[in-house]
Amino acid sequence: MDLLDMIRDAGVIGAGGAGFPTHAKLTSKAEYILLNGAECEPLLRVDQQLMVQSVDEIIMGLAAAGRYIEARKAIIGIKGKHKEVIAHMRKRIAAQGLESYLEVMELRDIYPAGDEQVLVHELTQRIVPETSIPLKVGCVVINAETALNVFNAMSGKPVTETYITVAGDIPQRLTVKVPVGLPIRELFSQCGIDNLEDYAVIDGGPMMGSILKTLDGHVTKKSKGYVLLKKDHFLMRKKSVNLDQARVISKTACEQCRMCTDLCPRYLLGHNLQPHKVMRALNYNLEDVKEQQIALLCCECNACELFSCPANLHPRSINRYFKGKLAEQGIKYQPTTMEFQPREARDYRLIPTKRLIARIGLTEFDKPAPLTNVNFQPQYLTIALRQHIGASAIPVVAVGEQVQSGQMIGKIPDNSLGASVHASLAGTVTEITDNAIVIKVG
């Protein structure tokens with residue numbers, strides 16, 4: 001079977017990101033394939049541990065994907081501070097005789113080193129044009145867990161599990177392998193917290209993740225981490241501000257200092273994203289669409305909102321506001337050039353991770369979250385039919401049907417972008433909705 005078919009049948013998607021189906025990413029040829037091992041979201045610990053525990057599988061998955069797209073080289077980007085991980089990776093690459101094809105490059109300990117456009121520049125010195133993707137400059141980017149899932153797909157093993165870090169203001173921080181569809185409450189119970197009443201939970205990393213509105217959700221294939229903090233923590237209070245509140249606060253207090261722009265990672269790559277101008281468009285009710293359009297270049301890394309702004313305002317939220325407004329009007333940003341150079345001051349304006357962690361009040365929680373073996377035994381699994389970018393999977397099972405672990409229960413719609421989904425554990429299908437398939441385990 002063709003590698004692309006194996007990856008598609010296994011339901012491999014970008015693990016921990018937006019969930020872009022990996023088989024679609026590998027349909028084009030590229031000069032480089034890049035492994036994103038930066039894991040720059042504070043407190044998350046999945047990739048750095050996977051690159052030790054499953055190093056051979058990750059190497060082989062990356063090499064197979066790279067050769068499929070005819071990449072002349074595979075580059076693995078890992079932050080230089082992870083010296084043991086880098087040494088172990090290089091040793092195993094040499095043991096497999098792949099030194100001529102795979103190279104490990106050390107990344108600076110900055111945020112957001114894991115943004116794929118920042119990563120492309122750090123590893124290749126190329127700059128992805130505005131509104132474009134890494135493929136435009138000859139690169140395809142996948143992360144460590146995705147490479148592991150590619151390897152598993154080559155053996156016919158679908159994506160039924162994901163690795164998650166649970167961190168924050170909790171007694172026991174850990175990283176665990178979790179069956180997709182597990183109720184997240186069962187995950188939190190492993191961390192020594194019996195009562196979640198005083199806590200709020202961020203789904204994902206503390207920078208780009210959002211606060212869960214309910215704790216009755218379920219793990220998906222792109223779940224990467226949960227950060228638990230007391231509700232009165234600075235970060236939780238900041239993330240709890242809704243869009244209307246953010247607009248009022250920003251409109252009354254922005255003094256156009258342009259710190260949000262000067263430290264913006266995309267602006268520093270030479271793009272035209274200038275959050276202070278977007279704030280100005282809000283403050284003065286500017287209807288000039290050109291002033292608003294640059295908001296469409298925002299990757300929502302949240303550096304402006306959680307680190308840069310000295311007045312504690314909400315430039316990322318205002319970017320999001322205008323992005324929604326422009327989308328309603330069908331307006332898209334039109335680049336005026338495809339050639340970009342990094343700003344001269346870029347090297348002096350990169351955000352050190354330790355300073356970022358201190359700025360958002362997480363220093364005391366920046367501790368190991370060791371990979372821990374937990375045998376989860378849920379009564380029910382709820383497998384979402386849309387855990388990815390694209391169309392929802394179409395159920396291929398019926399209520400009352402017995403399913404086995406790894407069995408496909410939802411397939412990609414014909415002629416659509418999407419990803420198939422599989423049963424994580426054996427059991428009986430008890431319910432099928434527009435959004436999910438529920439399985440009684442056992």
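Select Lys-79 first, and in this predicted model you will find that Lys-79 stands opposite Leu-107 in strand E3. Widen the selection to residues 73–79, which make up strand E2, and to residues 102–107, which make up E3; these two strands pair in the parallel sense over six bridges. Adding helix H5, residues 83–95, completes a right-handed β-α-β unit made of E2, H5 and E3.

Stay with E2 and turn to its surroundings. Seven of its seven residues are buried, so the strand is largely enclosed by the rest of the structure. Side chains in a regular strand alternate between the two faces of the sheet. To see both faces, colour Lys-73, Ile-75, Gly-77 and Lys-79 for one side, and Ala-74, Ile-76 and Ile-78 for the other, since both sets are buried and both faces of E2 are covered.

Next, select residues 32–37, strand E1, which pairs with E2 in the parallel sense over six bridges. Within this pairing, Ile-33 has Ala-74 as its bridge partner in E2, while Asn-36 stands opposite Gly-77 of E2.

With E5 (139–143) added to the selection, the whole sheet can be displayed: it is an open sheet of four strands in the order E3-E2-E1-E5, with parallel pairing. E3 and E5 are the edge strands, each of them pairing on one side only, and the twist from one strand to the next averages 25°.

Now return to Ile-33 and show what surrounds it. Leaving aside neighbours within four places in sequence, the contacts of Ile-33 include Leu-62, Ala-65, Gly-66 and Ile-69, and also Val-140 and Ile-142. Ile-33 is also among the residues with the most contacts inside the largest nonpolar core, together with Leu-62, Ile-76, Met-89 and Leu-102; this core has 41 residues. Its largest share, seven residues, comes from helix H4, residues 55–68. A second, separate core has 37 residues, and selecting Leu-119, Ile-202, Met-207 and Ile-351 will show you some of its members.

For the last stop, select residues 144–154, helix H7, which lies across E1 and E5 and runs at about 90° to E5. Asn-149 has its place in this helix. Is Asn-149 buried or exposed? With a relative accessible area of 9%, which is under the 20% limit, Asn-149 counts as buried. Not counting residues up to four places away in sequence, Asn-149 touches Val-12 and Val-159, and showing these two residues beside Asn-149 ends the tour.

Conventions. Residues are numbered from 1 along each chain as its sequence is written. This is a predicted model: local features need pLDDT of at least 70, side-chain atom pairs count only at pLDDT 80 or more; totals for chains, interfaces and linings use all residues. Side-chain values use heavy atoms; hydrogens and water are left out. A nonpolar core is a set of buried Ala, Val, Leu, Ile, Met, Phe, Trp, Tyr and Cys residues joined through side-chain atoms within 4.5 Å. Buried means under 20% relative accessible area, exposed over 50%, partly exposed in between (1.4 Å probe, protein chains only). Contact means heavy atoms within 4.5 Å. Two strands pair if DSSP finds at least two bridges between them. A crossover is right-handed if, with the strands pointing away from the viewer, the path from the first strand over the helix to the second runs clockwise. Axes are lines fitted to C-alpha atoms, for helices over the stretch in contact, and angles run from 0 to 180 degrees between N-to-C directions.
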